[in-house]
Amino acid sequence: MPNSPSEPRRPSDSGSPRRIKVQRRGPMLVEGPVEVELEDGTTVFCDRFRVALCTCRRSRRYPWCDTSHRARSSDTGDEASAKD
């Protein structure tokens, strides 16, 4: 993964870069299949055509999003916290 603009882009296995869609109040959508390396060094794999990665760490299926981020604003009724 490039860390700066000066590093060359590395293509995916298919020869084209992976598309990632970043959403302000939701998961990160990645065109799959994907392989994710977790903090403890374990690797998880998903072969779906699009994968939702959790960015809030509330998911019970982390690193996969299970839409737990929605529960915070609807359970508490706190619209200010939903703007995070």
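**Warm-up**

Is Arg60 buried or exposed? Arg60 has 76% relative accessibility, so Arg60 counts as exposed. Here buried means under 20% relative accessible area, exposed means over 50%, and partly exposed lies in between (1.4 Å probe, protein chains only).

Before you go on, two notes on the model. This is a predicted model, where local features need pLDDT of at least 70, side-chain atom pairs count only at pLDDT 80 or more, and totals for chains, interfaces and linings use all residues. Residues are numbered from 1 along each chain as its sequence is written, and side-chain values use heavy atoms, with hydrogens and water left out.

**Exercise 1. Walk along the chain and list its elements.**

Step 1. Begin with the totals: the protein chain has 2 helices and 5 strands. Helices (H or I, at least four residues) and strands (E, at least two) are DSSP runs, numbered from the N terminus.

Step 2. Put them in order. Starting at the N terminus, the pattern reads β-β-β-β-β-α-α.

Step 3. Add the burial: 24% of the 84 residues of the protein chain count as buried.

**Exercise 2. Work out how the sheet is put together.**

Step 1. Find the strand order. Three strands form an open sheet in the order E1-E2-E5, with antiparallel pairing. Two strands pair if DSSP finds at least two bridges between them.

Step 2. Look at the edges: E1 and E5 each pair on one side only.

Step 3. Go through the pairs. E1 and E2 run antiparallel and are joined by 3 bridges, and Ile20 stands opposite Val30 in E2. E2 and E5 also pair in the antiparallel sense, over 4 bridges, and here Val30 stands opposite Val51 in E5.

Step 4. Check the faces of E5. In a regular strand the side chains alternate between the two faces of the sheet. Along E5, Val51 and Leu53 point to one face and are buried, while Arg50 and Ala52 point to the other and are not.

**Exercise 3. Find the residues of the largest nonpolar core.**

Step 1. Recall what to look for. A nonpolar core is a set of buried Ala, Val, Leu, Ile, Met, Phe, Trp, Tyr and Cys residues joined through side-chain atoms within 4.5 Å.

Step 2. Name the members. The largest such core has 7 residues: Val30, Val34, Val36, Cys46, Val51, Leu53 and Trp64. Strand E3 (34-37) and strand E5 (50-53) are the elements that give two or more residues to this core.

Step 3. Zoom in on one member. Leaving aside residues up to four places away in sequence, Cys46 touches Pro33, Val34, Val51 and Trp64. A contact means heavy atoms within 4.5 Å.

Step 4. Take a closer look at Pro33, which sits in the loop between E2 and E3. The peptide bond from Gly32 to Pro33 is cis, with omega near 0 degrees.

**Exercise 4. Track down the salt bridges.**

Step 1. Count them: the whole structure holds 3 salt bridges. Each is a side-chain nitrogen of Lys or Arg within 4 Å of a carboxyl oxygen of Asp or Glu.

Step 2. Take Glu31 and Arg19, whose closest N and O atoms are 3.7 Å apart. This pair links distant parts of the chain, with Glu31 in strand E2 (residues 28-31) and Arg19 in the segment before strand E1 (20-22), 12 residues apart. Glu31 is partly exposed at 31% relative accessibility, whereas Arg19 is exposed at 59%.

Step 3. Turn to Glu39 and Arg57, which meet at 2.8 Å, N to O. Glu39 lies in the loop between E3 and strand E4 (43-46) and Arg57 in the loop between E5 and H1, so the pair ties together parts that are 18 residues apart in sequence. Arg57 also has a positive phi of about 65 degrees, although it is not a glycine.

Step 4. Finish with Arg60 and Asp66, with closest N and O atoms 3.9 Å apart.

**Exercise 5. Describe the surroundings of Ser59.**

Step 1. Place Ser59: it is in the loop between E5 and helix H1 (69-76). Ser59 counts as buried because its relative accessibility is 8%.

Step 2. List its neighbours. Ser59 touches Cys54, Trp64, Cys65, Asp66 and Ser68, not counting residues up to four places away in sequence.

Step 3. Look for polar contacts (a pair of N or O atoms within 3.5 Å; within protein, one must be able to donate a hydrogen and the other to accept it, and residues adjacent in sequence count only if both atoms are side-chain atoms). The Ser59 side chain makes one with the side chain of Asp66, at 3.4 Å. A polar atom of the Ser59 side chain also lies 3.4 Å from the backbone nitrogen of Tyr62.
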